[in-house]
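Let's take a friendly walk through this structure together. Keep the picture open as you read, and look up each residue as we reach it.

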Amino acid sequence: MSTNNIIFCKTKTLKLLWTSGRSIWINRCLDGEATCGRGLASFSATHPKVCIVGGGPAGFYTAQHLIKTRQDVEVDIYERLPVPFGLVRFGVAPDHPEVKNVINTFTQTAQHTRCHFYGNVNVGKDVSVTELQQAYHAVVLSYGAEGNRRMGVPGEDLSGVYSAKDFVGWYNGLPSNKELNPDLTCETAVVLGQGNVALDVARILLSPVDILKNTDIAQHSLYALAESRVRRVLIVGRRGPMQVAFTIKELREMVNLPDTRPEMVATEFEGIAGTLKELPRPRKRLTELMVKTALEIPGQKEQKRYSMASRIWGLRFFRSPLEVLPTSDLTRAAGIRLAVNRLEGSGEGARTVPTGEVEDVTCGLVISSIGYKSLPIDPSVPFDSRKAIVPNTMGRVQQAAGLYCSGWLKTGPTGVIATTMNNSFDTARTLLGDIDSGTLDVSAVKPGSQGISALLEKRGVKPVTFSDWEKIDHEEVRRGEAKGKPREKLLDVGEMLHVTRT
């Protein structure tokens, strides 16, 4: 055993004194004691300590790559909520359980001996990023995009207008959205945006309850959807069919959704068939399905299904919101006014130009799915308000040594979970490369979670460990089994914390 290891095996306690924002560590070694364990041994300078802020896909993928690639790195993940997994839990549609299988991989990472999860810790409020930097060699910000991009039009604050982020959080059991209580008494809903989230929202609004009741959808949302009078959903985009952001999987689910039929405008697809051969294969297949749905006469089986359908969905192109139209008492949405656009250019670079025409659509529900955006977490962290990202180079935060970012905070809210995985792996590679090159100094002894735990205890914050989360998980599964569901999510943070203490 090396001299250093012997010294650390003899270390009894390490006490952190916080004065004027600086930490002073006092090691008290007791001769003759051999209480050597993971927590104490980890104070060796050969063990880089990394803190990750955010327990969603970006955070877990970053941790996974760090732990697998370098055998001495220790990683702590801090999450604002008592529960892990971020958008996999609160963003993935309840009828897409296969996408949530990635939770198994995240669980393996969280249970690794060199990884710890600390939920119920609000970085920026309970503990500052500067304090994390004092306790760790590196801090990776991976807290995602919790904000909404606003439409910026009159009437968007009327009752009956919601962001897709909040609506998705409502049916997925996000505690902050549990009381959204959207009014579903209208016949027509308009979803603004044509990404996968927009199609998720449309599909949930129109799905038969018999399909949803066997998912992990929040029970209060299931009750509301069972009573919903929404029978028609229009999914509106500012550009054309060639620029949609959703994938073929989501479109195919809409096409095959029971008890529904599509409603398209054939003229919006003029000239597209002749350009198909030039498209990359994924875009070609997606566009072919749209063209087929819009222009081809359905077969006998489909015609019969359509004739019996009680609900309608449709794509509308070349339209941008101008104003949400109010009811006569000016309290809630009664419709939406859309600008009619034309395109200049082609492909992904095509831009919209208003034609001067407008179109009014009667609807009582407007859901804006034009994008999420990241928010600043701490005054000490650089933030580009225009792009809504932390300015970075390959995940290395600009002008902030030892600070990194991954996921949507790094790139903006784009792509699917696999995109976030690659994005996060890249940040982990950057961090590890900085360790290897000496750009990131890991020679100093850092307290890691022990220092932060002392701070949190002083401030009355009790972190939720991964084993605590497993108690919540067990309780949710137990409640779900009683209703024939995979789980019934707890919606209240206080109730979650109560379960961890039983």
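R70 is partly exposed, with a relative accessible area of 23%. In this predicted model, R70 forms a salt bridge with D72, and the closest N and O atoms are 2.7 Å apart. Is D72 buried or exposed? Its relative accessibility is 17%, and because the limit for buried is under 20%, D72 counts as buried.

That pair belongs to a longer list, since the count of salt bridges comes to 37. Side chains of opposite charge can pair when their charged atoms come close. Another example to find is the pair of E263 and R232, where the closest N and O atoms are 3.0 Å apart. This salt bridge links distant parts of the chain: R232 is in strand 10 (residues 232–236), while E263 sits in the loop between strand 11 (260–262) and helix 12 (281–295), 31 residues apart. R232 is partly exposed, with a relative accessible area of 22%.

Now turn to R203 and E253, whose side chains meet in a salt bridge with an N to O distance of 3.3 Å. Which parts does this pair tie together? R203 lies in helix 8 and E253 in helix 11 (residues 248–255), so the salt bridge joins parts that are 50 residues apart in sequence. The two partners have their own surroundings: R203 counts as buried at 2% relative accessibility, whereas E253, at 22%, counts as partly exposed. Both residues also belong to a network of salt bridges that links D95, E98, D200, R203, K249 and E253.

Helix 8 deserves a further look. Of its 11 residues, 10 are buried, so the helix is largely enclosed by the rest of the structure. Among the buried residues are N196, D200 and R203, along with L199, V201, I204 and L205.

What about the nonpolar side chains? In soluble globular proteins, nonpolar side chains tend to be buried together. Here, the largest nonpolar core has 48 residues, and L205 and L251 are those with the most contacts inside it. Helix 8 (residues 196–206) gives the most to this core, with 7 residues. If you centre your view on L251 and leave aside its neighbours within four places in sequence, you will find it in contact with L199, F246, L286, L289, M290, W313 and L315. There is also a second, separate core of 37 residues, which includes F85, V102, Y404 and L432.

Terms used: Residues are numbered from 1 along each chain as its sequence is written. This is a predicted model: local features need pLDDT of at least 70, side-chain atom pairs count only at pLDDT 80 or more; totals for chains, interfaces and linings use all residues. Side-chain values use heavy atoms; hydrogens and water are left out. A nonpolar core is a set of buried Ala, Val, Leu, Ile, Met, Phe, Trp, Tyr and Cys residues joined through side-chain atoms within 4.5 Å. Buried means under 20% relative accessible area, exposed over 50%, partly exposed in between (1.4 Å probe, protein chains only). Helices (H or I, at least four residues) and strands (E, at least two) are DSSP runs, numbered from the N terminus. Contact means heavy atoms within 4.5 Å. A salt bridge is a side-chain nitrogen of Lys or Arg within 4 Å of a carboxyl oxygen of Asp or Glu.
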